[in-house]
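Dear colleague,

I am passing on the structure we discussed, and I would be glad if you could look through it alongside the notes that follow.

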Amino acid sequence: MSNDFSEISNVNKKNLDELLHLVEELVINKVRIEKMKNEVSDSSHGKILDQELRIISEIQASIKKVRLIKIKTLTNSLESLVSNCCTEYNINVDLIFSGQETEIENTLIIYIHNILNYLIKDICASEFAAFKNESNQIKVTTYSDGKNFTMVIESNGKGFNYEDTCEKLNKKNLDLISFEEDEVKKFLNIINFTNNFEEFLKLRLDLIYLDGSMEFESVANEFMRLTIIIPLTSSIMQGLLVTIGDQIFAIPLDFIETIINKNTVKTKKSKNIEMIIYMDHIIQLVRVSDLLKIEAISEPSCIIIVKSNNKRAALLVDSLLDQTDMVIKHKHSIMMDIGEIKGTTILGDGLVTLVLDIPSILKEI
Amino acid sequence: MIKKLSNGDLDVTALEIKDVIDIKLLQTFQDNFATGMNIASVTVDKDGTPVTNPSSYTSFCMDFTHSTKAGDDRCALSHKKGGEDAARTLRPSIYTCHAGLIDFAAPILVGEHLIGTILGGQVLTSAPNEAKFRKTANEIGVNEEGYVDAVKKVYMTNEKNITAAAEVLYIVANSLSQAGYERLKLSTMSQTLSENFSQISATMEELSASSVNVTNNQQNLSDEIINVKKLSIEINTILDSIKSIADETKMLGLNAAIEAARAGDAGRGFGVVATEIRTLSQNSKETAIKIMDLTKKIQESVDKTIDTSHSTLETTEQQSAAIQEVTSNLMEVTTLADELNSMANNK
Amino acid sequence: MQILTFLLKDERYAIDITLVNTIENKMPLTPVPNSKKYVIGLISNRGSVIPVINTSLMLDDKDINNIFEKFIIISIGNEKLALAVNEIDDVVEIEEKNIENINNDEDFSIVNVNSNVITLLTYKQLKKI
């Protein structure tokens with residue numbers, strides 16, 4: 001078997017990061033170039049700018065690919081993990097790994113690795129060890145639809161009673177992201193994943209940070225399934241620019257459901273909480289200027305309905321500006337405790353614009 | 001001759017009869033008077049040259065006494081003496097001529113100055129002494145008999161008449177001369193006035209023109225000064241940018257020093273360059289500040305100059321206006337003088 | 001070692017030049033809501049978003065209410081900060097032995113340069129930001 005070296009390369013991570021950094025700057029300039037193109041009268045200049053824009057888009061796409069890494073790089077490590085568990089618990093486990101060609105951003109691979117690590121250990125420990133099946137099987141399936149990366153880990157071990165568990169926890173489903181921490185602990189106790197709470201909670205936090213989900217399903221004595229979905233966020237995304245007070249902020253388009261004028265909806269106030277009634281939903285009204293402690297210039301009338309994880313809010317902003325492509329840079333450590341800010345982006349005019357962290361805001365209110 | 005003295009007055013000594021008296025009028029008067037009074041008369045100038053034709057001369061004088069050179073000379077002499085007497089006394093003098101007739105001489109005066117004489121007479125106050133006249137005839141070379149016959153035809157009158165006649169002629173002639181003199185004086189004065197006014201007018205025009213020139217120059221100067229001020233403001237703007245360039249250079253130099261320090265040994269040489277850049281920028285900045293001080297001083301002095309030239313401009317503009325006024329007034333006066341002159345010259 | 005000296009109003013300070021990236025003229029910044037009080041805002045510099053620190057407020061907790069003219073971009077760890085200062089003075093060479101610590105407090109260092117006492121900002125101080 002000849003090694004296909006074209007698939008392997010040792011890229012110095014630092015160099016790669018620098019390259020990606022520069023590409024991000026290119027994207028910012030793309031916005032400026034588009035502006036320039038509209039102002040240019042000479043058609044030959046316009047053509048050159050068009051070419052530049054095309055090249056930048058292609059670089060963006062290529063770079064996206066560079067960041068991607070195939071799941072199968074984990075194969076060896078997983079196999080050795082399984083065999084270690086076998087040895088430790090004196091069981092036989094078959095690992096079926098499908099969708100190894102699935103590509104995922106290299107930054108996410110470590111999360112996937114950690115999750116798999118933890119789960120396989122726990123499954124071996126609690127599902128198989130006690131159950132004593134003839135053939136223990138762990139099926140790991142991964143696939144990606146471009147927007148989300150999905151990984152399903154299924155074991156044919158003990159499992160648990162899904163409906164009972166839900167009832168006990170008073171939940172409709174077992175999407176652990178929407179659980180409170182103590183509820184998670186309760187759940188883990190029920191299914192006997194008691195190995196390492198702290199680690200599991202940390203994994204859960206990582207997924208929250210990645211805006212992903214983890215959902216358990218099971219039929220007792222048949223199987224237990226954990227579905228993990230992680231959105232493939234490239235740091236280049238679309239956002240809506242709004243004004244709050246005299247400042248401009250960006251809201252990632254992914255969270256925006258719709259935009260309405262405050263004057264077209266009925267409002268209600270109860271116990272200092274303002275609400276609007278829209279399409280049969282009662283949605284809490286959030287005055288973003290209050291949240292950010294910025295002085296509103298005039299009575300704001302623009303409502304942006306955002307949604308994340310089945311929770312909605314009506315964000316009241318001063319005005320709408322524009323839609324734009326933006327590169328979101330992670331926020332500086334000095335702003336770590338400002339929950340409302342997800343990161344920063346640099347708009348065409350060169351000024352830093354803050355990007356609102358919608359999931360975080362939704363949790364705050 | 002009409003001559004003007006240096007002060008513009010008429011030169012009386014140069015005046016002649018014809019300057020002040022209309023000779024035609026005089027002739028007419030003379031003829032009529034002579035015919036009416038039966039007394040001959042003629043007017044001569046101050047040199048004794050006749051200016052009128054003799055009126056009613058006797059045959060005695062015309063045909064005989066004046067016919068020979070000797071007689072003529074004697075007449076001239078006689079007339080001259082009579083005239084001199086009259087001139088001396090400034091009054092008509094009555095005398096007996098060389099030939100024995102009674103003559104008079106009435107001086108024509110301007111002030112006290114003799115310009116001519118009216119001579120007249122050729123009459124007798126008593127019967128002639130024949131023997132005397134025959135003697136005279138022989139002396140002057142004329143026919144005795146004829147001479148005596150002629151003398152008998154000479155008009156005889158009394159002294160009173162003669163005196164009166166002389167007086168009349170004297171009064172009339174002098175009135176005429178006085179009037180004429182006054183008119184002449186007026187004419188001369190008004191002409192002088194006219195000429196003076198014209199001169200003043202011309203001078204005022206020049207003054208006006210030159211003052212307009214001054215105003216124009218003043219305006220140009222003002223414009224130039226404002227230009228200088230604009231330039232100095234431009235210089236300051238440039239200096240401002242030099243200062244900010246110096247500032248930027250200093251920053252550049254410091255950044256270079258930072259990079260050099262981070263480069264360690266490799267950056268040492270570069271660090272030296274960086275230091276020199278910083279020194280250069282400091283020097284540029286200091287020089288720029290000095291120049292700015294200078295331009296500030298220039299601006300201050302320019303401002304002062306502008307103030308001064310503004311007030312000068314106002315003054316010359318006022319002057320110009322005043323001159324214009326005076327000129328137009330003068331023109332009015334000149335017109336009047338001209339009118340006066342033409343009135344005076346209408347005799 | 002070389003230090004970069006600067007002024008906060010009339011007080012002289014300095015920083016180890018190896019911590020300094022560049023110095024820049026002041027530029028427009030974006031304020032950050034709910035941020036620490038000495039964070040004036042964010043600037044964009046060479047592709048990075050850098051927080052601007054009100055240096056005097058951070059050091060002495062007194063806001064000198066001044067117009068800052070220059071930013072000193074420093075690198076602490078993997079991140080950058082911009083220290084807002086009034087005036088940049090110069091790069092000078094000093095002997096490490098001339099650095100004195102007041103009250104043996106490692107965080108409070110001074111050094112004497114040309115008969116000016118300059119407070120030297122230490123890495124530790126800066127890391128706290």
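**A serine in chain C**

C:Ser48 is buried, since its relative accessible area is 16%, and the cut-off for that word is under 20%. Please bear in mind while reading that this is a predicted model. The residue belongs to strand 5 of chain C, which covers residues 48-54. Leaving aside residues up to four places away in sequence, C:Ser48 touches C:Ile43 and C:Lys80 in chain C and also A:His21 in chain A.

**A strand in chain B**

In strand 1 of chain B, residues 40-45, 6 of the 6 residues are buried, so the strand is largely enclosed by the rest of the structure. Both of its faces are covered, with B:Ala40, B:Val42 and B:Val44 buried on one side, and B:Ser41, B:Thr43 and B:Asp45 buried on the other. Strand 1 of chain B pairs with strand 4 of chain B, residues 113-123, in the antiparallel sense and over 6 bridges; within these two strands, B:Thr43 stands opposite B:Ile118.

**Chain A as a whole**

Chain A holds 9 helices and 19 strands, and of its 365 residues 45% are buried. If one takes the contacts in chain A between residues at least 6 apart in sequence, 63% of them join residues at least 24 apart. The area that chain A exposes is about 19,600 Å², of which carbon and sulfur atoms supply 48%.

With best regards

Note on methods
Residues numbered from 1 in each chain as written. Chains lettered and ligands numbered in written order. Predicted model: local features only at pLDDT ≥ 70, side-chain atom pairs only at ≥ 80, totals over all residues. Heavy atoms only, no water. Helix = DSSP H or I, 4+ residues; strand = E, 2+ residues; numbered from the N terminus. Buried < 20%, exposed > 50% of the residue type's maximum accessible area, 1.4 Å probe, protein only. Contact = heavy atoms within 4.5 Å. Areas by Shrake-Rupley, 256 points an atom, 1.4 Å probe, with all protein chains shown as cover. Pairing = 2+ DSSP bridges.
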